[in-house]
Each structure stands twice: as structure tokens, then as C-alpha cells.
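Student: Please take a close look at the charged pairs in this model for me. Start there, then work outward to whatever surrounds them.

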Amino acid sequence: MVILVDQYNLPDDIYEIVFATSQQKIVAKVLVNCFKQNNNELTKSEMSLFATKLHEGNLITYIDEEPYKGKQVNLSYNKRQFYDRILTPMRGMGLIDYDL
């Protein structure tokens with residue numbers, strides 16, 4: 001994967017560079033926080049449960065983005081798009097690793 005960036009106008013947040021939309025950025029941050037809460041690893045079933053909760057809109061979290069800052073929200077994101085647009089790019093860049 002190749003990411004073209006302007007080295008003189010880099011954003012402060014790495015998620016802004018990697019992901020195209022703010023919704024993708026929010027979901028990726030929540031996923032990383034989920035990894036942190038589970039000793040930096042998720043099993044296949046835990047990842048599937050996370051994606052299912054996200055798909056059904058049952059994932060309750062706090063978001064540090066400005067319109068939602070400090071508020072508890074139900075996060076919703078399509079399961080297939082989660083695997084295609086969030087998990088696969090993170091794996092491709094080496095941010096997460098599948099240990100088979």
C-alpha cells in the first residue's frame with residue numbers, strides 16, 4: 001500500500017493519514033482501544049463479536065471527536081466494510097498482525 005502525503009502539511013493524528021473518512025478513523029481508534037483493553041490481542045471470535053456489535057449498532061463507546069466529545073454513543077459500521085476498509089489496511093501496513 002502506498003500513501004502519498006505532503007510532508008509539510010501532515011496532520012497530528014496518524015489516523016487522518018491512513019483512513020479516508022472520519023467515520024473510518026473513529027472505528028479504527030475504537031478497535032485499537034479494544035486491543036489495548038484486551039492485553040493487545042483479540043481472538044478470532046472476539047474480533048467477530050466486535051464486528052457484529054459494530055454492525056448491529058450495539059457498540060457503546062466514548063468518542064474524542066468534537067461533536068461527540070465526552071459523550072457516550074452507540075457506534076454503527078457495516079461488518080463487511082469494517083473488514084475491507086479498516087482491518088485489511090491496518091493488517092497490510094503492519095499495524096495489526098494475524099497470528100495463525
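**Charged pairs and their surroundings**

Tutor: Let's begin with Glu16 and Lys25, which form a salt bridge with their closest N and O atoms 2.6 Å apart; the term means a side-chain nitrogen of Lys or Arg within 4 Å of a carboxyl oxygen of Asp or Glu. Some housekeeping before we go on: this is a predicted model, so local features need pLDDT of at least 70 and side-chain atom pairs count only at pLDDT 80 or more, while totals for chains, interfaces and linings use all residues. Residues are numbered from 1 along each chain as its sequence is written, and side-chain values use heavy atoms, with hydrogens and water left out.

Back to that pair. Lys25 is buried at 7% relative accessibility, whereas Glu16 is partly exposed at 42%. Buried here is under 20% relative accessible area, exposed is over 50%, and partly exposed lies in between, using a 1.4 Å probe and protein chains only.

By the salt-bridge rule the count comes to 4. Another of them joins the side chains of Lys29 and Asp13, at 3.1 Å from N to O. Lys29 sits in helix H2 and Asp13 in the segment before H1, so this pair ties together parts that are 16 residues apart in sequence. Helices (H or I, at least four residues) and strands (E, at least two) are DSSP runs, numbered from the N terminus. Like Lys25 above, have a look at how covered this lysine is: Lys29 is buried, at 17%. Leaving out residues up to four places away in sequence, Lys29 touches Asp13, Tyr15, Asp64 and Glu65, where touching is a contact, meaning heavy atoms within 4.5 Å.

Then there's Arg80 with Asp84, whose closest N and O atoms are 3.8 Å apart. These two are 4 residues apart in helix H4, which means about one helical turn separates them. Arg80 is exposed, with 65% relative accessibility, and Asp84 is partly exposed at 45%. Elsewhere, salt bridges with shared partners join Asp13, Lys29 and Asp64 into one network.

Helix H4 has another lysine worth a stop. Lys79 belongs to that helix and is partly exposed at 27%. Its side chain makes a polar contact of 3.0 Å with that of Thr52; that term means a pair of N or O atoms within 3.5 Å, where within protein one must be able to donate a hydrogen and the other to accept it, and residues adjacent in sequence count only if both atoms are side-chain atoms. Beyond neighbours within four places in sequence, Lys79 is in contact with Ser48, Ala51, Thr52 and His55. Ser48 is 31 residues from Lys79 along the chain, and their C-alpha atoms are 9.1 Å apart.

Lys25 turns up again around Phe19, a residue in the loop between H1 and H2. Phe19 is buried at 7%. Its contacts, outside the nearest four places in sequence, are Gln24, Lys25, Ala28, Arg85, Ile86 and Met90. Met90 is 71 residues away in sequence, yet its C-alpha is 9.7 Å from that of Phe19.

Ile86 brings us to the largest nonpolar core, which has 25 residues; Leu31, Phe50, Leu54, Leu75, Phe82 and Ile86 have the most contacts inside it. A core, in this sense, is a set of buried Ala, Val, Leu, Ile, Met, Phe, Trp, Tyr and Cys residues joined through side-chain atoms within 4.5 Å. The elements giving two or more residues to this core are helices H1 (14–18), H2 (22–37), H3 (44–56) and H4 (79–92), along with strand E2 (72–75). H2 gives the most, with 7 residues. Zooming in on Phe50, and skipping neighbours within four places in sequence, you'll find contacts with Val30, Leu31, Cys34, Leu59 and Phe82.

One last stop is the loop between H2 and H3, which holds Asn39 and Asn40. Most residues other than glycine have a negative phi. Asn39, however, has a positive phi near 60 degrees, and Asn40 has a positive one near 65 degrees. Asn39 is exposed at 65%, and Asn40 is exposed at 60%.
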